[in-house]
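Colleague: Please take one part of this model and look at it closely. Keep the sentences short and give the cut-offs.

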Amino acid sequence: MMWNVLVSGLLLGATAVCYEGSPAHPGTDALWRLAAGLEVSVPGTSPGYLAACRKAGVRLAGHGPAAPERLGVTGSAFPADLQHWVAGELGPGTQVVCSSGGTDVVTAFLGAAPTTLVRAGELSAPCLGVSVDAYGRDGKSVHGEVGELVVLRPMPSMPLFFWDDPDGSRYRAAYFDTYPGVWRHGDWITLTGHGSVLLHGRSDATLNRHGVRMGCSDIYGPVEELAEIAEALVVGVEQDGGDYWMPLFVTTTDGIGLVREFNDALAAIVRRHPGRFGGLATVTPQAPEAAATEIERAMGTLGLNGIMINSHTGGYYLDEPRFAPLLAAAEASGAPVYLHPRVPSMLDAYRPYGLLGAIWGYQAEAGLHAMRLILSGTLDRHPGLTVVLGHLGEGIPYWLRRIDNRHAFAAATAGAATPMPRLSLTPSEYFRRNFVLTTSGIDDPDVLGLALRAVGEDRVMFAVDYPYEDPKAAVDFLRNTPLTDDQRTAIAHRTAERVFTLTG
């Protein structure tokens with residue numbers, strides 16, 4: 001259906017943009033970045049995607065030089081509070097309109113125009129040429145109360161028959177049996193006194209709890225406003241004896257409950273073996289406020305030793321403003337952040353030749369994340385933050401001198417680089433102050449020597465990339481590599497004891 005709408009824009013001289021893929025990959029704001037980059041004046045999306053943007057903290061404006069002229073929204077009911085949020089994000093220059101129709105008629109029944117008033121939670125008017133009404137159970141028109149969406153007169157795009165339905169019985173049952181001769185579409189609506197329409201959801205998915213009829217959106221609207229809820233499913237079950245059961249199933253957005261359960265179990269293991277284990281807590285960076293609370297709990301009552309972050313979160317990095325609560329809590333709680341590699345957020349260039357994983361992609365991704373923290377000014381805002389990098393610094397020690405040199409040149413030369421914030425220190429000074437390196441996966445004495453010269457032995461610690469590397473080989477490397485006694489002691493245990501506050 002939407003393909004037909006898109007192509008019909010060509011008749012008016014418009015340029016059509018068709019995007020294949022998830023609007024939320026690699027980050028939740030992917031659609032907005034695309035629209036800004038192509039200067040799309042009338043983007044279209046769904047209430048579900050907009051709700052996901054709000055939960056993820058995506059700012060809708062600011063991706064391009066100007067906001068779109070109009071935003072089209074369709075696919076499900078558009079809650080009023082979500083429409084208010086979208087309109088506030090995009091500003092008064094963007095008309096936020098909602099439409100509703102059907103694939104079977106390949107068009108919309110209800111929508112808006114540049115000349116119609118938009119009220120949050122309402123569809124402005126019936127579309128041109130559509131004789132929309134609302135019928136009650138008795139087949140009479142109702143206004144100001146919930147009724148069935150009906151179309152009183154034929155439309156050119158209405159289907160004439162179904163395949164494999166020679167006598168037309170299936171066709172009539174689908175649209176005309178409830179109100180003979182009148183198209184019943186299967187939506188609950190309310191016609192308002194000012195000409196707009198409220199859409200409540202599918203009438204063939206009606207919930208009827210103790211005589212109160214509700215469309216699914218009456219449940220999903222309030223529930224999906226909750227930041228903790230990713231998806232919800234409500235089911236109405238008629239039971240024997242006239243009873244009615246209406247369970248609501250939800251999936252949490254961010255795994256908050258699972259994180260607490262995991263950290264509780266980890267802390268219990270550490271308590272049982274205090275001289276053998278420490279623990280890095282798991283948090284939910286996709287929910288930064290909840291993550292901040294969990295960091296305080298993990299470093300406080302649970303007595304854990306830091307947190308683990310698997311690099312980017314849906315294409316977003318810790319230097320971005322949304323993660324400020326998480327970083328502030330880590331700094332205040334003395335929680336070192338182990339920045340663990342993962343598959344890069346930009347996939348296409350890494351897909352061939354095995355580049356995606358440990359051969360190259362993992363260290364490139366983690367190194368990128370670390371450099372974003374350094375060059376963004378994040379470590380000026382959080383000077384007490386400690387970040388742990390594996391693989392002896394993910395390649396950064398090799399480049400430190402050049403990074404300093406080119407950063408100084410770019411800072412002093414107009415147009416030499418994209419805009420950069422003014423930093424209090426050189427990039428290498430942040431690296432020496434805020435980062436600690438582990439030997440995981442690297443048993444090369446030259447690389448270890450380079451890391452020691454870059455940050456010093458009190459910022460390098462022993463680690464084994466188990467189960468991908470041989471622990472015995474890693475231990476033999478530490479024992480046999482030419483080091484001073486002080487360096488070997490620091491790498492073997494002293495640095496880790498200090499960074500992770502290990503005792504026992």
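Modeller: Here is a close look at one helix, its surroundings and its start.

This is a predicted model: local features need pLDDT of at least 70, side-chain atom pairs count only at pLDDT 80 or more, and totals for chains, interfaces and linings use all residues. Residues are numbered from 1 along each chain as its sequence is written, and side-chain values use heavy atoms, with hydrogens and water left out.

The part is helix α16, residues 471-480. Helices here are DSSP runs of H or I with at least four residues, strands are runs of E with at least two, and both are numbered from the N terminus.

Start with the buried side. A474, F477 and L478 of α16 are buried. Buried means under 20% relative accessible area, exposed over 50%, and partly exposed in between (1.4 Å probe, protein chains only). These residues cover an arc of only 95 degrees around the axis, so they sit on the same side of α16. The arc is taken from the directions from the helix axis to the C-beta atoms.

What covers them? Among the elements covering the buried residues of α16 are α15 (445-455) and α17 (485-499). Contact here means heavy atoms within 4.5 Å.

Now turn the helix over. The face of α16 turned away from its buried side carries K472, R479 and N480, which are exposed.

K472 appears again at the start of α16. There, a side-chain oxygen of D470 comes within 3.1 Å of the backbone nitrogen of K472. A polar contact is a pair of N or O atoms within 3.5 Å; within protein, one must be able to donate a hydrogen and the other to accept it, and residues adjacent in sequence count only if both atoms are side-chain atoms.
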